[in-house]
Amino acid sequence: SYRILHEADLRDYLAGRPKLVAALGGGPDEWSITEVGDGNLNLVFIVKGALGGVAVKQALPYVRLVGESWPLPLSRAHYEYLALTRQAQLAPGLVPTVLHHNDALALTVMELLEPHIIMRKGLIAGTQYSRFVDDITTFMARTLFFTSDLALTAAEKKEGIAAFAGNHALCKITEDLIFTDPYRVAEQNRWTAPYLDATAAGLRDDMELHVAISRLKLKFMASPEALIHGDLHTGSIMVTDSQTQVIDPEFAFYGPMGFDVGAVIANLLMAYFASSGHERSPDERRAFEGWVLETVEQVWTEFARKFLELWRKDAAGDAYPVSLFPGEKGAARLEAERQAYMQRLLGDTVGFAAAKTIRRIFGLAHNIDFELIEDPHKRAVSEARAVRLARAMMVETGAFPAIADVTSAARKLRDW
Ligand code: SR1
Ligand code: MG
């Protein structure tokens, strides 16, 4: 039965699993066990033995960031395990290997990713990652395409939706914290006061923005397009220069694809706007910011290219039956429709990226890209630029028909 594991319990628990004992090596008494979780929800332990290490994640029955006053179902560990397993099949090598899972304890033991670091921390230090675009676009194209109606039969797709339907408490967090609270008075909202007081008040009065965020909320709630990661920010990605690993899919469910792609793009844009608040030489700054915007463009263009390539060759799903598009004329019409599909997906991506940005500046859970800028005035300037772009992306999404429109708007706002 469930109990929160402390160091001694965890040592005993692992010592009772021969496969894990063999992976760690040495005697259990020699293992080092350190709790390193700095996320908002769970406990994370790193366990190291003579031969190797493992990472152990245990869900708490409440939101760690807030405390026991905010209960949260342990079942999220089950959905995370299901998602990790599916993602490992679809995007091999891009998620950590699961070594052991225990539903009752809401506990998962995974390979230890070393020397990987959380990508967000690397971006704050101004590091460029040369494998990132290729890896993250492969991850998104394959996990999204192969769990969609373009690749699955209707029955398979509905089984998939049903398998994740119980993860609604995690969806509710997103529905409240991303799509609702930043736009109303909510106890947990916070921002860089007093500099952003007027901007925060503006968000609460801006009816066009309220319409736009409500449309996105509905899309999030009512568009089971594919199995999405559900929280694909740069804190859910671990990197070295030669490897990328996507972690933490506890928010996974069947939702709109643009929510994942938008999350990656939003977090890169926030790294871009935060860059001016972090210590680096003018040359380093120019190089890093240029790389970030180029990465934003490539994330979309490579994702779209890979997704379309899969669609053209692996379309075994029940959507768009090939028998309806015979001959050359049919093939040409279907290809035009694929392009229209991607254009619609870019619009969703732009809108969701905007929502993901605004929540990190006015909602409960902020990110360290901005938070580590100590001078509140400097921080507010960076945040205000990001919010200005986000508002335009959300309300005037049609003004960003290509990803280059997003990056050129970001560039113009860099010194605003
Ligand atoms: C209360 S949970 C706050 C946030 O942490 C997670 O990483 C998700 O982004 C969630 O919205
Ligand atoms: Mg997480």
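Helices here are DSSP runs of H or I with at least four residues, strands are E runs of at least two, and both are numbered from the N terminus. By that count, the chain in this predicted model has 15 helices and 12 strands. Its radius of gyration is 22 Å, close to the 22 Å that the globule rule gives for 416 residues, so the chain is as compact as a globular protein of that length. Along the principal axes, the C-alpha atoms fill a box of roughly 65 × 60 × 40 Å.

**Two domains**

The domain assignment splits the chain into domain 1 (7-111) and domain 2 (117-413). Measuring from C-alpha centres, that puts 27 Å between domain 1 and domain 2. As for who touches whom, the contact draws 18 residues from domain 1 and 21 residues from domain 2. On the domain 1 side, the touching residues come out as 12 nonpolar, 3 polar and 3 charged.

There's also a record to lay over this: an unreviewed UniProt entry annotates residues 33-267 as "domain: Aminoglycoside phosphotransferase". In the model, that span is 39% helix and 20% strand, and its end C-alpha atoms lie 31 Å apart.

**Around ligand 1**

Where does ligand 1 lie with respect to domain 1 and domain 2? Both domains give residues to the shell around it, so ligand 1 lies between them. The shell consists of Asn-40, Leu-41, Val-63, Leu-65, Ile-173, Thr-174, Leu-177, Asp-231 and Ala-365. Helix 7 (residues 168-177) gives the most to this shell, with 3 residues.

Here's how the two residue sets break down by class:

| Residue set | Nonpolar | Polar | Charged |
|---|---|---|---|
| Shell around ligand 1 | 6 residues | 2 residues | 1 residue |
| Side of domain 1 that touches domain 2 | 12 residues | 3 residues | 3 residues |

**A small sheet**

One more feature to pick out is an open sheet of 3 strands, ordered 8-10-11 with antiparallel pairing. Its edges are strand 8 (117-118) and strand 11 (244-246), each of which pairs on one side only. Strand 10 (residues 237-239) pairs with strand 11 in the antiparallel sense over 3 bridges. Which residue of strand 11 stands opposite Ile-237? That partner is Val-246. As a reminder, strands of a sheet pair through backbone hydrogen bonds, either parallel or antiparallel.

Definitions and conventions. Residues are numbered from 1 along each chain as its sequence is written. Chains are lettered from A and ligands numbered from 1 in the order in which they are written. This is a predicted model: local features need pLDDT of at least 70, side-chain atom pairs count only at pLDDT 80 or more; totals for chains, interfaces and linings use all residues. UniProt positions are given in the numbering used here, feature names are shortened, and annotations may be inferred rather than shown by experiment. Two strands pair if DSSP finds at least two bridges between them. A residue is near a molecule or strand if its C-beta atom, placed from the backbone, lies within 6 Å of it. Ala, Val, Leu, Ile, Met, Phe, Trp, Tyr, Cys and Pro count as nonpolar, Asp, Glu, Lys and Arg as charged, and the others, Gly among them, as polar. Domain bounds come from an automatic or database domain assignment. Two residues are in contact if their C-beta atoms, placed from the backbone, lie within 7 Å. The radius of gyration is taken over C-alpha atoms; the globule rule is 2.2 Å times the number of residues to the power 0.38.
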